[in-house]
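Biologist: I am new to this one, and I would like a friendly tour. Could you show it to me before we start?

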Amino acid sequence: MSDTMEKAPDSYKSPLQEMVYESLTKLQISFQRVNTDEAISMEDCIEINQKLDMKMVKTLFLCNSKKTKFYLFITTADKPFKSKDLGNALGISRVSFAPAELMESILGVKIGALLYLAF
């Protein structure tokens with residue numbers, strides 16, 4: 001894991017990553033970041049969160065049963081995720097994890113390719 005940095009990377013891994021950093025710069029929002037390997041599980045994220053001195057979050061890429069609507073759900077790591085509750089809040093019968101290949105094609109990132117920023 002890299003040291004903590006407060007500027008955008010010299011090169012971007014995806015158009016989404018570039019858009020995030022350009023937006024932060026344009027809006028003059030300060031941030032800290034670290035470069036890491038893939039972080040798949042919550043356990044993988046502990047060291048990253050300690051380095052950034054932040055509360056751990058989990059980010060879930062979800063979809064409806066027909067895979068026609070997609071949702072990015074971000075919550076604290078200690079809060080359990082209940083798909084039924086989220087489905088009710090969204091007014092849909094079923095919400096589930098979107099397939100990894102759809103995450104990559106829609107967001108331009110693979111599972112575990114996290115963007116950790118501390119605002």
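What follows is a conversation about the sheet, its helices, the loops and some side-chain contacts.

Modeller: Happy to help, and please keep in mind that this is a predicted model.

Biologist: Thanks! In what order do the three strands of the open sheet lie?

Modeller: The sheet is open and its pairing is antiparallel. Strand E3 (70-76) and strand E4 (95-97) stand at the edges with a single partner strand each, so one side of each lacks a neighbour in the sheet. On average, direction ignored, neighbouring strands here are turned by 45° against each other. Read across, the order is E3-E2-E4.

Biologist: How many bridges join strand E2 to E3?

Modeller: Strand E2 covers residues 57-64 and runs antiparallel to E3. Two opposite positions help you find your way: lysine 58 faces threonine 75 in E3, and leucine 60 faces phenylalanine 73 in E3. The number of bridges joining E2 to E3 is seven.

Biologist: Which helix packs on the sheet and touches E2, E3 and E4?

Modeller: Let me set two helices side by side. Helix H4 (residues 100-107) lies across E2 and E3 and runs at about 100° to E2. The helix touching E2, E3 and E4 spans residues 83-90, and its direction makes about 130° with that of E4; this is H3.

Biologist: Which residue in the turn of the E2 and E3 hairpin has a positive phi?

Modeller: Five residues lie between E2 and E3 in this hairpin. The residue you want is in the loop between these strands, and its phi is near 60°, a positive value in a residue other than glycine. With a relative accessible area of 41%, it falls between the 20% and 50% limits and so is partly exposed. It is lysine 67.

Biologist: And is glutamine 28 buried or exposed?

Modeller: Glutamine 28 sits in the loop between helix H1 (15-26) and strand E1 (32-33). Its phi is also positive, near 55°, in a residue other than glycine. The relative accessible area of glutamine 28 is 73%, and the limit for this class is over 50%, so the residue is exposed.

Biologist: Now the rings, please. Why does the pair of phenylalanine 73 and phenylalanine 81 count as tilted?

Modeller: A search of the whole structure finds five aromatic pairs. In the pair you ask about, the ring centres are 5.4 Å apart. Phenylalanine 73 is partly exposed at 23% relative accessibility, and phenylalanine 81 is partly exposed at 24%. Planes under 30 degrees apart would be stacked and over 60 edge-to-face, so the pair is tilted because its planes stand at 50°.

Biologist: Which residues do ring pairs link into a cluster?

Modeller: This is another place to look at aromatic rings. Here the ring pairs join two tyrosines and a phenylalanine. The cluster consists of Tyr12, Tyr21 and Phe31.

Biologist: One last thing: which side chains meet in the salt bridge?

Modeller: The structure holds one salt bridge. Its N to O distance is 3.3 Å, and both residues taking part are exposed. The partners are aspartate 10 and lysine 7.

Notes. Residues are numbered from 1 along each chain as its sequence is written. This is a predicted model: local features need pLDDT of at least 70, side-chain atom pairs count only at pLDDT 80 or more; totals for chains, interfaces and linings use all residues. Side-chain values use heavy atoms; hydrogens and water are left out. Rings of Phe, Tyr and Trp (its six-membered ring) pair if their centres lie within 6.5 Å; planes under 30 degrees apart count as stacked, over 60 as edge-to-face and the rest as tilted. Buried means under 20% relative accessible area, exposed over 50%, partly exposed in between (1.4 Å probe, protein chains only). Two strands pair if DSSP finds at least two bridges between them. Helices (H or I, at least four residues) and strands (E, at least two) are DSSP runs, numbered from the N terminus. Axes are lines fitted to C-alpha atoms, for helices over the stretch in contact, and angles run from 0 to 180 degrees between N-to-C directions. Contact means heavy atoms within 4.5 Å. A salt bridge is a side-chain nitrogen of Lys or Arg within 4 Å of a carboxyl oxygen of Asp or Glu.
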